[in-house]
Structures are given as C-alpha cells and as structure tokens.
Amino acid sequence: MMQKTTFRMLKMENKNGTLLWVDDEIDLLRAHIMFLENKGYEVDTVTNGHDALEMCRQRQYDLVLLDEHMVGMSGLETLQHIKEIDPNIPVVMVTKSEEENIMDQAIGSKIADYLIKPVHPNQILLSLKKNIHKRDIVTAETDRNYQQNFGRLSMQINDSLTADDWIEVYRQLVYWELELKEADSSMHDMLKMQKTEANAAFAKFIKRNYMDWMANREKSPVMSPDLFKRFVFPALDNKEKLFLIVMDNFRYDQWRILSQELADLFTFEEQLYYSILPTATQYSRNAIFSGLMPEQISRMFPELWVDEDSEEGKNINESPLIKTQIERYRRKDTFSYNKVNDSASAEKLMSQFNSLLQNDLNVVVVNFIDILSHSKTDSRMMRELANDEAAYRSLILSWFRHSSVRELFRSMAATGRKVMITTDHGSIMVNHAVKIAGDRSTNTNLRYKLGKNLGFNPKDVYEITEPLKAHLPSPNVSTSYIFCTEADYFVYQNNFNSYASFYKETFQHGGVSLEEMIIPFITLNPKKK
C-alpha cells in the first residue's frame with residue numbers, strides 16, 4: 001500500500017527537505033512523521049521495497065529512511081536498488097537488529113547512517129542535519145568562528161616580533177584557509193586580504209631581522225642547514241633507522257591535505273622551520289644536505305657547488321653533500337640517496353625497497369610538486385586545472401592518492417621505522433609584476449636576482465648588498481642579491497606587459513613570503529597494527 005503525507009503548514013520553497021520513509025509498520029510511526037513535518041520536512045511514506053523503488057523513480061528525495069526488516073524485499077536489497085537509481089542519495093537504515101554482520105553489510109553498501117529501533121525523534125532529526133544540512137550548518141558555524149577570530153588574528157599579525165610569532169601566524173592562516181575552503185565559505189576573500197596583509201608585514205620583519213640571523217646563527221630560528229643536526233642525527237643517535245623524504249617545493253597547507261591520506265598509517269609530530277634565502281633548490285636544498293650555508297659550500301667544496309650561470313643542473317651533487325656532512329660530524333651512518341622524478345623512478349625504488357632497509361638513513365627526493373608548479377607556468381591546460389590555491393592542492397592530493405609514492409609510505413610504515421618529511425622551500429602564487437633591468441649574466445628566476453648592475457626600484461625589493469654577510473656566494477665584488485616580497489615577480493622592461501601577463505597567477509619561489517620561507521618538517525611514527 002502506498003501512502004503520502006504532505007506538509008502544508010509551510011510553503012514548499014521553505015521546506016527543509018523531501019524525505020521517503022520506507023517501513024512495513026509505517027502506521028506506528030505517525031508521531032515521528034508529524035514531528036518531522038512540524039520541523040519543515042515533506043515526508044512521503046511507503047510500506048515495502050517495490051513501492052520505494054517506484055517512488056524513487058518518480059521524484060528526487062533528499063534522504064531515504066529505510067527499515068531493514070520488511071516482508072518481501074529486505075531493506076538491504078531495497079538499498080542496493082535505490083543506489084542503482086540514485087547513487088548519491090543518502091539512505092539511513094532503521095532496524096531492530098543489532099547484529100554486527102547486518103551493520104557491516106549496510107555500512108559496506110554506503111549507508112549514510114544507522115539507527116536502532118525504537119528511535120527517538122531527535123535522533124532522526126540529528127541524522128537529517130548531518131546528511132542534508134551539514135554543509136549549511138558547517139558553513140554558518142565556520143563563518144561565525146572566523147569572524148570571532150578575525151580581530152585576534154589581525155592583532156597577531158600586527159604584534160608579531162619573533163620568528164616563532166610568525167610561525168604561529170602562518171599556522172593560523174593555513175588553518176582558516178583550509179577550514180573556510182572546506183566549508184565553501186563566503187569569508188574566503190576576507191581571509192585572502194588578511195593573508196596579503198600578513199605577507200606585507202612578514203616582508204618587513206625579514207628585512208629587519210634576516211641579516212641579524214646570518215650574523216648570529218646560534219640565535220636564529222631553525223633554518224635549512226640545521227635540519228640534520230637538529231632532527232636527523234639525534235634520531236640516528238637513538239639507534240633509530242629512518243627515512244628522510246624531501247618533497248621539493250612543498251608547502252605547509254599541502255602537507256595538511258596529504259596528512260589526511262597518511263593518518264591511518266602514522267602519527268605526526270609537526271614542526272615548521274625557515275628556508276634560507278634565496279628560497280630556491282640550489283641554495284636551500286644544498287644547505288639541508290650539506291649542513292652548510294651556500295657560501296661555505298662554494299668555498300669548502302667548490303667542486304660540489306654549481307654557479308648560477310652554469311649549464312649543469314643545480315642539484316646534481318646532493319648525495320656527495322650528504323656524505324660530506326656525515327663525515328664532518330665524524331659519523332659512521334650508512335645512507336642511500338634516491339631521486340623520484342616520475343612514476344618509473346618511483347617503481348624502480350619500490351623494487352629495491354628491501355635493500356634500503358640495510359641503511360641507517362635513506363634519503364628520497366620527490367620532485368613531482370616542483371614539476372607541477374613549473375607545468376602551471378608553461379601549460380595552458382595546467383593553468384586551468386590549477387587556477388587557484390585550492391585547485392592546486394586538489395591536484396597534488398589526486399597525484400598522491402594514485403602515485404607509487406603513496407605505496408612507498410605504506411611500505412615504510414610496515415617496517416616500523418620513523419619517517420621524516422620536509423622540503424627545501426615553498427611557493428607563492430604571484431600576481432604583481434615589478435620592473436627589473438639586468439645584463440645577460442643575470443639569472444632567470446622570477447623571485448630573486450643577483451648581479452652587479454641591476455636596475456630596480458628599492459621600494460619593490462629586499463636587497464642584500466653584502467652577500468658574504470648573508471653567507472651567499474659573490475661572483476663579483478659588486479654583486480648584490482634582490483628578492484621579491486609578497487606576491488611580486490620580476491619582469492624585464494622589454495615586452496613588459498606581455499611577460500607580466502604570461503607569468504601572472506603562476507606559482508614561483510625564490511623570494512620572501514610566508515609560503516616560501518616557513519615550511520614543514522614532519523616526523524611520522526608508524527602506528528602499531
């Protein structure tokens with residue numbers, strides 16, 4: 001028998017949702033139905049699975065309440081056919097049975113919720129809120145929380161005086177960026193403005209403090225050359241064999257997204273540290289692996305330093321640099337070094353995985369995210385696919401889910417060994433071109449330049465006129481380094497408008513911003529199964 005109850009007290013456009021309730025004892029549920037109608041829901045009712053399927057074919061429902069035990073077609077059978085009609089409709093199973101195998105079958109069939117009879121009306125209402133109104137409720141609550149925290153975060157930005165203060169500001173900005181995007185909030189533009197304000201203040205902070213950090217490295221925050229000494233060697237001293245994964249061009253917000261994929265395998269200890277300037281692989285990653293500042297590498301190991309004007313790759317000597325650091329500390333650690341540029345190299349590494357377990361330390365450099373950022377610059381299709389920060393994170397997440405790198409993490413977790421993830425620098429989406437003049441020897445990076453006759457507006461940049469005091473190589477006596485701040489990027493005066501347009505809203509690195517300089521160092525401890 002097919003029955004229909006329509007809520008008439010509210011106009012249709014104001015109803016909270018349209019429900020289908022399937023139960024062979026529907027007459028006993030009249031009080032529950034009236035309760036839902038009084039809450040603004042329109043409720044259709046049927047007493048068997050066949051009628052339920054017919055109703056689902058005739059109209060679109062926001063949710064189905066489905067009795068598991070019915071004469072004829074069972075609830076689980078009805079569920080399967082409903083999902084064939086509309087795979088996305090949420091179905092809440094209502095049953096007297098508490099048998100675990102029935103619960104497992106229902107959950108395996110992707111029910112939205114599971115209620116045990118006798119159900120209280122408020123239990124049903126809570127389930128409806130979770131499955132029909134969750135996004136609206138989450139958005140409203142997230143907006144309210146962000147509005148309440150807006151003033152406090154602005155005060156943090158204005159009052160930040162130390163490196164640790166800025167780490168906390170960046171944590172908060174990333175937290176709210178992910179929360180507001182997940183909630184599809186209208187507050188996201190307000191946060192974007194607050195982030196721009198923060199980067200402007202952070203640039204002033206770096207201009208005031210960076211050279212002091214370089215003059216007194218003992219009092220500086222943790223920076224690129226410190227990672228092995230501060231984190232890796234102490235773990236090895238505790239007789240822990242470990243993996244160090246260096247993901248090129250990897251930001252904290254991107255880590256927060258990927259961490260969700262690893263949460264079933266590991267527990268996390270999160271730390272943030274500062275990349276040295278320039279925030280580019282040649283400088284920051286070589287500093288990590290050598291434990292030295294760039295000028296020290298070029299002076300102590302000239303055969304391992306690659307100059308800006310060299311045609312060689314800038315990161316071809318990473319394994320020898322790791323070796324020099326281990327030897328300088330008079331350590332006997334055995335290590336391997338591998339680079340993953342594509343799926344083929346990842347699969348090759350996986351095929352050799354068991355042999356890696358003989359080493360105290362295994363270093364793996366993963367270049368995909370850096371390759372992706374360069375692809376966004378060069379490819380129109382990639383610009384469309386990664387047209388904003390959220391889309392860029394989504395692409396990285398999609399890659400990780402389907403890559404051999406994810407399988408590498410599964411294999412590492414299975415060994416029970418500690419895993420450390422870090423990066424050499426982050427990146428920022430640039431949107432404001434500034435003019436630069438230089439000769440043919442000037443490097444090509446859009447976020448930093450070095451040379452002896454650079455033309456620029458000093459207000460637009462952070463300038464280091466004495467590179468040796470910043471522990472940077474100085475090819476000539478008059479060489480200076482200049483860095484873009486905030487979301488700026490350098491463009492030469494020739495064809496300025498054309499190049500400014502071409503590079504706008506691409507991801508670049510090398511300069512001064514929260515996204516480039518404050519970067520993650522994560523320790524992953526495998527969960528015991």
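## Helix pairs and sheets in a predicted model

In this predicted model, helices α6 and α7 lie roughly antiparallel to each other, because their axes cross at roughly 160 degrees and angles over 145 count that way. Helix α6 covers residues 134-159 and helix α7 covers residues 163-182, and the two axes come within 10 Å. The crossing of this pair is left-handed. Plenty of side chains are named in the contact. On the α6 side, the list includes Arg 135, Thr 142, Tyr 146, Leu 153 and Ile 157, while α7 brings in residues such as Trp 166, Val 169, Leu 173, Trp 176 and Leu 180. Sorted by class, the contact between α6 and α7 holds eight nonpolar, five polar and eight charged residues. Among the charged ones are Asp 143 and Arg 152 from α6, and Glu 168 and Glu 179 from α7.

A second helix pair is made by α11 (residues 281-290) and α13 (residues 318-328). Here the angle is about 35 degrees, and the axes sit 7 Å apart. From α11, the residues touching α13 are Thr 281, Arg 285, Asn 286, Ile 288, Phe 289 and Ser 290. They meet Glu 318, Leu 321, Ile 322, Gln 325 and Arg 328 of α13. This contact splits into four nonpolar, four polar and three charged residues.

Turning to the sheets, six strands build an open one with mixed pairing, in the order β8-β19-β11-β7-β10-β9. Its edges are β8 (266-274) and β9 (335-340); each has a single partner strand, so one side of each goes without a neighbour in the sheet. On average, and ignoring direction, neighbouring strands here are turned by 15 degrees against each other. Within the sheet, β7 (residues 242-247) and β10 (residues 361-366) run parallel and are joined by six bridges. Leu 242 is found opposite Leu 361 of β10. A helix also packs on this sheet: α14 (residues 343-351) touches β9 and β10, and its direction makes about 150 degrees with that of β9.

Another open sheet has three strands, ordered β14-β16-β15, with antiparallel pairing. The edge strands are β14 (448-451) and β15 (461-464), each pairing on one side only. Neighbouring strands in this sheet are turned by 20 degrees against each other on average, direction ignored. Strand β16 (residues 480-484) is joined to β14 by four bridges, and the two run antiparallel. Tyr 448 has Phe 483 of β16 as its bridge partner, and Leu 450 is matched with Tyr 481. β15 is likewise linked to β16 by four bridges in the antiparallel sense, with Glu 463 standing opposite Ile 482.

How well covered is β16? Five of its five residues are buried. Ser 480, Ile 482 and Cys 484 point one way from the strand, whereas Tyr 481 and Phe 483 point the other way. That fits a general pattern: in a regular strand, side chains alternate between the two faces of the sheet.

Strand β2 (residues 17-22) tells a similar story. Six of its six residues are buried, so this strand is largely enclosed by the rest of the structure. On one side lie Gly 17, Leu 19 and Trp 21; on the other lie Thr 18, Leu 20 and Val 22. Both faces of β2 are covered. The strand pairs with β3 (residues 41-46) in the parallel sense over six bridges, and Leu 19 stands opposite Val 43 of β3.

One last residue is worth a look. Leu 53 sits in helix α2 (residues 49-58). Is Leu 53 buried or exposed? Its relative accessibility is 6%, and under 20% counts as buried, so Leu 53 belongs to the buried group. Setting aside neighbours within four places in sequence, Leu 53 is in contact with Met 73, Thr 78, His 81, Ile 82 and Ile 85. Tyr 252, by contrast, lies 199 residues from Leu 53 in sequence and 47 Å from it in space, C-alpha to C-alpha.

Terms used. Residues numbered from 1 in each chain as written. Predicted model: local features only at pLDDT ≥ 70, side-chain atom pairs only at ≥ 80, totals over all residues. Heavy atoms only, no water. Axes fitted to C-alpha atoms, helices over the stretch in contact; angles between N-to-C directions. Parallel < 35°, antiparallel > 145°, perpendicular 65-115°, else oblique. Left-handed = near helix turned anticlockwise from the far one by under 90°. Contact = heavy atoms within 4.5 Å. Pairing = 2+ DSSP bridges. Buried < 20%, exposed > 50% of the residue type's maximum accessible area, 1.4 Å probe, protein only.
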